[in-house]
Amino acid sequence: MMADDPLTEGPDPNSKPVGRAQGIYGSAGQNELALIMAMSFDFTDGIYNGSCISLLGKNPAMNPVREMPIVGGTGLFRFARGYAIAQTYWLDVTTGDAIVGYNVTVAH
């Protein structure tokens, strides 16, 4: 699947947009709902405008909280390394739509 989703300040869909979450993901588990994700969090507002953070890793989607690696970035995040803690706020299993919060810690 391809993703090009709004990146907002908070989990409320009406919160301020700060960029786009763009990338690909696919099934990565035979015995669990897990995704392999290659995502770029591209910032389009504020001091991070024009910079991005790159995430690459397995996302065990049914776990309430997951940790995934940050493997790089551009602009202000050049040479970034770190981790993202993902938490699902809302999920519609019929459509696959979800609101997921990412708390990202990076060294750059």
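Analyst: Two residues are in contact when they have heavy atoms within 4.5 Å of each other. Among contacts here between residues at least 6 apart in sequence, 29% join residues at least 24 apart. A quick heads-up: this is a predicted model, where local features need pLDDT of at least 70, side-chain atom pairs count only at pLDDT 80 or more, and totals for chains, interfaces and linings use all residues. Residues are numbered from 1 along each chain as its sequence is written, and side-chain values use heavy atoms, with hydrogens and water left out.

User: What makes the pattern of this protein β-β-β-β-β-β-β?

Analyst: It comes from DSSP runs, numbered from the N terminus: helices are H or I runs of at least four residues, and strands are E runs of at least two. By that count the protein has 0 helices and 7 strands, and reading along the sequence gives β-β-β-β-β-β-β.

User: Why is it called as compact as a globular protein of that length?

Analyst: The yardstick is the globule rule, 2.2 Å times the number of residues to the power 0.38, and the radius of gyration is taken over C-alpha atoms. For 108 residues the rule gives 13 Å and the protein has 14 Å, which is close, so it earns the description. Along the principal axes, its C-alpha trace spans about 40 × 30 × 20 Å.

User: Why does F79 count as exposed?

Analyst: Residues are sorted by relative accessible area: buried is under 20%, exposed is over 50%, and partly exposed is in between (1.4 Å probe, protein chains only). F79 has 68%, so it counts as exposed. It sits in the loop between β5 and β6, and it has a positive phi of about 65° although it is not a glycine.

User: Why is L76 called partly exposed?

Analyst: L76 has a relative accessible area of 45%, which falls between the two cut-offs, so it is partly exposed. L76 is also in the loop between β5 and β6. Leaving aside neighbours within four places in sequence, it is in contact with I47, Y48, S51 and H108. From L76 to A86, 10 residues apart in sequence, the C-alpha distance is 22 Å.

User: What makes V65 and I99 partly exposed?

Analyst: Their values also land in that middle range: V65 has 48% and I99 has 23%. V65 lies in strand β5 and touches I85, A86 and Q87, not counting residues up to four places away in sequence. V65 and Y102 are 37 residues apart in sequence and 9.7 Å apart, C-alpha to C-alpha. I99 belongs to strand β7 (residues 98-107). With residues up to four places away in sequence not counted, I99 touches P11, P13, Q87, T88, Y89 and W90. I99 and F41 are 58 residues apart in sequence, with 15 Å between their C-alpha atoms.

User: How do you know which residues form the largest nonpolar core?

Analyst: A nonpolar core is a set of buried Ala, Val, Leu, Ile, Met, Phe, Trp, Tyr and Cys residues joined through side-chain atoms within 4.5 Å. The largest such set has 18 residues, and M37, M39, F41, F43, L55 and I70 touch the most other members. At least two residues each come from β1 (2-8), β2 (17-27), β3 (35-43), β4 (52-59), β5 (65-74) and β6 (81-91). β3 gives the most, with 5 residues. Across the whole protein, 29% of the 108 residues count as buried.

User: Which residues does F41 touch?

Analyst: Not counting residues up to four places away in sequence, F41 touches L7, R20, A21, S51, C52, I53, L55 and Y102.

User: Where is M62, and which residues is it in contact with?

Analyst: M62 is in the loop between β4 and β5. Neighbours within four places in sequence aside, M62 is in contact with L33 and L91. The C-alpha atoms of M62 and E32 are separated by 8.0 Å, with their positions 30 residues apart along the chain.

User: What makes a side chain positive or negative in the charge count?

Analyst: Lys and Arg count as positive and Asp and Glu as negative, while His and the chain ends are not counted. That gives 6 positive and 10 negative side chains, and the centres of the two sets lie 9 Å apart. Each charge is placed at NZ of Lys, CZ of Arg, CG of Asp or CD of Glu.
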